[in-house]
Amino acid sequence: MSEVTLKGGCLCGAVQYQASGDPQRFYHCHCARCRKSSGTGHASNLFLSNAALVFTQGESLLKCFKVPEAKRFTRQFCSECGSSVARFVPELDGVMIPAGSLDDQAPIEPQARIFWDSRADWSCDGDSLPRYAEYPE
């Protein structure tokens with residue numbers, strides 16, 4: 001898919017971003033960390049490769065939390081309202097966007113449910129997306 005530019009922000013509107021890149025993956029993650037972070041049964045994340053991220057408003061309000069023992073789990077959020085927002089992921093040379101933070105329509109549909117084996121029993125289960133115990137290969 002060709003490069004897209006997407007806009008988004010936090011719940012209170014204090015943080016606004018613009019992300020550009022190639023849409024690669026869109027997963028619903030059911031791991032315990034994503035459940036705790038989102039307060040729901042899963043987190044829905046869109047990944048852009050060869051990407052750039054610019055905060056057009058409120059960059060000074062950003063806070064980051066990385067689970068110390070986690071290889072990949074980091075959460076970037078607005079310090080005013082706590083909403084997750086996009087973040088640059090250096091090891092992937094890409095941008096991870098919490099899909100719910102988008103103001104624009106996602107350019108691709110969700111592709112899979114990951115960390116399915118650790119999902120909460122009450123979490124959603126009504127679609128035909130592929131399910132993976134961890135990350136797809």
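A disulfide is a pair of cysteine sulfur atoms within 2.5 Å. The exercises below apply this and related criteria to a predicted model.

**Exercise 1. Cysteines**

Determine how many disulfides the structure holds, and account for the state of C10 and C78.

*Solution.*

Step 1. Begin with C10. The closest cysteine sulfur to that of C10 belongs to C12, at a distance of 3.7 Å. The cut-off is 2.5 Å, so this separation is too far for a bond.

Step 2. Turn to C78. The nearest cysteine sulfur is that of C10, 3.8 Å away, and C78 is in no disulfide.

Step 3. Examine the surroundings of these residues. C10 has a relative accessible area of 9% and counts as buried. C78 is buried as well, at 1%.

Step 4. State the total. The structure holds zero disulfides.

**Exercise 2. Salt bridges**

Find how many salt bridges the whole structure contains, and establish which residues are linked in a network.

*Solution.*

Step 1. Count the pairs. A search of the whole structure yields two salt bridges.

Step 2. Take the pair formed by R113 and D127. Their closest N and O atoms lie 2.6 Å apart. This pair links distant parts of the chain: R113 belongs to strand β8 (residues 112-114), whereas D127 is in the segment after β8, and 14 residues separate the two.

Step 3. Take the pair formed by D127 and R131. Here the closest N and O atoms are 3.7 Å apart, which satisfies the limit of 4 Å for a salt bridge.

Step 4. Combine the pairs. D127 takes part in a bridge with R113 and in another with R131; R113, D127 and R131 are therefore linked in a network of salt bridges.

Step 5. Assign the exposure of each member. Buried requires a relative accessible area under 20%, so R113, at 5%, is buried. D127, at 30%, is partly exposed, and R131 is partly exposed at 29%.

**Exercise 3. The largest pocket**

Describe the largest pocket by its volume, its central residues, the elements that contribute to its lining and the classes of its residues.

*Solution.*

Step 1. Give the volume, which is about 870 Å³.

Step 2. Identify the centre. The lining comprises 36 residues, of which C34, N45, F47, F73 and M96 are the closest to the centre of the pocket.

Step 3. Assign the lining to elements. Two or more residues come from each of β2 (16-29), α1 (32-38), β3 (43-57), β5 (74-78), β6 (87-89) and β7 (94-98).

Step 4. Sort the lining by class. It consists of 18 nonpolar, 12 polar and six charged residues.

Notes. Residues are numbered from 1 along each chain as its sequence is written. This is a predicted model: local features need pLDDT of at least 70, side-chain atom pairs count only at pLDDT 80 or more; totals for chains, interfaces and linings use all residues. Side-chain values use heavy atoms; hydrogens and water are left out. A salt bridge is a side-chain nitrogen of Lys or Arg within 4 Å of a carboxyl oxygen of Asp or Glu. Helices (H or I, at least four residues) and strands (E, at least two) are DSSP runs, numbered from the N terminus. Buried means under 20% relative accessible area, exposed over 50%, partly exposed in between (1.4 Å probe, protein chains only). On a 1 Å grid over the protein atoms alone, a cavity is a set of points where a 1.4 Å probe fits but cannot get out, and a pocket is an open set with protein on both sides within 12 Å along at least five of seven lines; lining residues have an atom within 4 Å of a point. Grid points are joined across faces, edges and corners, and a volume is the space filled by probe spheres set on the points. Ala, Val, Leu, Ile, Met, Phe, Trp, Tyr, Cys and Pro count as nonpolar, Asp, Glu, Lys and Arg as charged, and the others, Gly among them, as polar.
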